[in-house]
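The following paragraphs guide the reader through one protein model. They proceed from its strands to its interior, its open spaces and its backbone.

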Amino acid sequence: MARPRLHLPPAELVARGLRRLRDELAVPDHHPAEVLAAAERAVDHRRERVDLRDVPFVTIDPVGSRDLDQAYWAGREGDGFVVRYAIADVAAFVRPDDPIDVESWKRAVTLYPPDGRVPLHPAPLSEDAGSLLPDVDRPALVWDLRLDGDGVVTSARLEAATVRSRAQLSYLEAQARIDRGPGGDDPVALLPVIGALRDRLEIERGGIHLPLPSQEVVVVDGRYDLVHELSLPVEEWNAHISLMTGLAAAQLLGDAGVGLLRTLPPARDETIDELRRTADCLGVDWPDDEAYPAFIRRLDASTATGAAVLTQARSVFRGADYETFTGPLPPDAVHAAIGGHYAHVTAPLRRLCDRFSNEIIVAHCAGDEPPSWAVEALERLPKAMARGRSLEGRLDRGVVDLVESVLLLGRIGDELSAAVVGERREGVVVSLRDPAIVAVADGGAELGEEVSVRVESADPVQGRVELRITDRR
């Protein structure tokens with residue numbers, strides 16, 4: 001294969017690489033004409049809805065999002081709280097075996113490469129009629145969650161409704177509203193309160209949260225870059241609303257006697273023991289009586305040793321899957337990192353399986369039998385979701401590898417600061433400070449060490465870089 005022409009600007013190299021990556025992975029580049037036509041014709045088929053347009057919902061999403069799955073509102077009720085969580089009602093528009101349904105089974109998830117997202121559902125549905133955009137009436141499935149003063153869910157119900165979101169907030173805008181102390185009945189004001197209570201309950205359940213910055217590809221003024229993104233507090237609080245809903249959904253599926261769970265096996269004892277040895281080698285104190293979740297929560301990802309332990313901790317939990325069931329909830333079908341039975345229900349515009357679980361739950365809450373088409377789909381869903389998740393993972397990794405190689409193409413021979421955060425058979429894993437690259441480097445160094453690495457080569461065609469450790473500090 002020919003090497004890239006080095007006089008091409010980096011943006012063009014990335015653009016070419018992204019096109020190659022899409023072709024290699026057979027990423028769909030458009031919805032077929034019959035699917036688009038079906039989306040244009042789609043109407044709300046649900047016969048009965050309650051009118052909740054007086055509830056001042058808001059959405060909180062990344063800047064520029066159009067596929068808005070969730071809208072949130074919360075208020076105080078006595079010593080506790082009431083949370084209403086509106087979810088896009090995709091099943092109201094998509095009928096079993098229609099062109100939209102058939103195509104969604106092929107895709108399973110929405111993909112987000114930097115040159116344009118690849119939606120699960122066509123834009124007329126996912127970015128318009130089905131999206132919970134502000135200042136327009138929209139069909140939704142609305143969760144009514146009642147919480148006591150400790151944040152424990154005391155009742156949960158799902159019903160079909162008509163809603164009208166009041167505002168579309170970015171994470172930055174939502175965080176700013178919280179920081180300046182929103183007044184009145186602003187539902188955003190309760191996010192940190194409820195989020196803190198749910199965080200405490202997560203600790204009690206033995207839930208795990210890895211506070212590692214994510215490696216993100218960003219596009220600024222037509223230029224691709226890699227950054228380490230730390231979540232804003234509002235993102236964590238907002239995530240707790242979704243997690244709370246997924247936990248409640250699993251219980252209702254259990255009550256209905258049929259459903260699909262998101263599962264993750266518990267960490268093996270030998271894996272925890274290995275992580276303890278890593279922490280000990282790095283000089284990170286981990287008392288024998290301190291549980292793994294508590295230890296992880298107090299690590300500082302901004303330090304070389306903290307980042308190294310947290311990176312190694314990613315390997316503690318492996319084997320996420322989906323499991324169908326009939327009858328009561330299977331005792332062992334839990335999500336170990338969440339600390340309980342959990343179901344995906346909050347992102348039906350972007351994730352195939354949510355639509356079917358929501359239909360079973362809304363029927364159960366109405367006292368009806370779940371629709372046969374939703375129940376019959378459950379057995380097929382784990383394989384479809386695994387296929388979609390696999391493509392998502394390969395695409396995300398390929399995009400990062402491509403951008404890493406392009407960013408380092410002009411740095412060949414340079415020496416860059418890094419920290420050793422992992423170990424592999426072929427070398428050590430280093431995290432560069434700038435650009436935000438995580439890659440394997442040749443040369444001896446210990447986990448948690450600060451080092452200098454020299455860029456030996458970079459190949460945007462293959463998405464590979466070659467680094468060598470030159471100095472240990």
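Strand 12 and strand 13 form a hairpin with 2 residues between them. The model is predicted: local features need pLDDT of at least 70, side-chain atom pairs count only at pLDDT 80 or more, and totals for chains, interfaces and linings use all residues. Residues are numbered from 1 along each chain as its sequence is written, and side-chain values use heavy atoms, with hydrogens and water left out. Helices (H or I, at least four residues) and strands (E, at least two) are DSSP runs, numbered from the N terminus; two strands pair if DSSP finds at least two bridges between them.

The two strands of the hairpin run antiparallel and are joined by 6 bridges, strand 13 covering residues 427-432. Within this pairing, Val420 stands opposite Val430 in strand 13. Strand 12 also pairs with strand 15 in the antiparallel sense, over 5 bridges, and Ala418 stands opposite Val451 in strand 15. Strand 15 (residues 450-459) in turn pairs with strand 16 (residues 464-472), again in the antiparallel sense, over 8 bridges. There, Ser457 has Glu466 of strand 16 as its bridge partner.

These strands belong to a barrel: 5 strands close in the order 12-13-14-16-15, with mixed pairing. From one strand to the next, the twist averages 55°. Axes are lines fitted to C-alpha atoms, for helices over the stretch in contact, and angles run from 0 to 180 degrees between N-to-C directions. Helix 10 (residues 304-313) lies across strand 12 (415-424) and strand 15, at about 35° to strand 12; contact means heavy atoms within 4.5 Å.

The interior comes next. In soluble globular proteins, nonpolar side chains tend to be buried together. A nonpolar core is a set of buried Ala, Val, Leu, Ile, Met, Phe, Trp, Tyr and Cys residues joined through side-chain atoms within 4.5 Å, where buried means under 20% relative accessible area, exposed over 50%, and partly exposed in between (1.4 Å probe, protein chains only). The largest such core has 117 residues, and Tyr72, Val83, Trp143, Tyr292, Ile361, Val430 and Val453 have the most contacts inside it. Helix 13 (residues 381-409) provides the largest share of this core, 13 residues. Another core, of 14 residues, lies apart from it and includes Leu133, Ala140, Val142 and Ala161.

Open and enclosed spaces were sought on a 1 Å grid over the protein atoms alone: a cavity is a set of points where a 1.4 Å probe fits but cannot get out, a pocket is an open set with protein on both sides within 12 Å along at least five of seven lines, and lining residues have an atom within 4 Å of a point. Grid points are joined across faces, edges and corners, and a volume is the space filled by probe spheres set on the points. The second largest pocket has a volume of about 640 Å³. Its lining comprises 23 residues, of which Arg46, Arg47, Glu359, Val362 and Asp368 are the closest to its centre. The largest cavity holds about 40 Å³ of space and is lined by Ile60, Asp61, Gln70, Tyr72, Tyr85 and Asn238.

Finally, Asp97 has a positive phi of about 70° although it is not a glycine. Asp97 lies in the loop between strand 4 (80-88) and helix 3 (99-107) and counts as exposed, at 65% relative accessibility.
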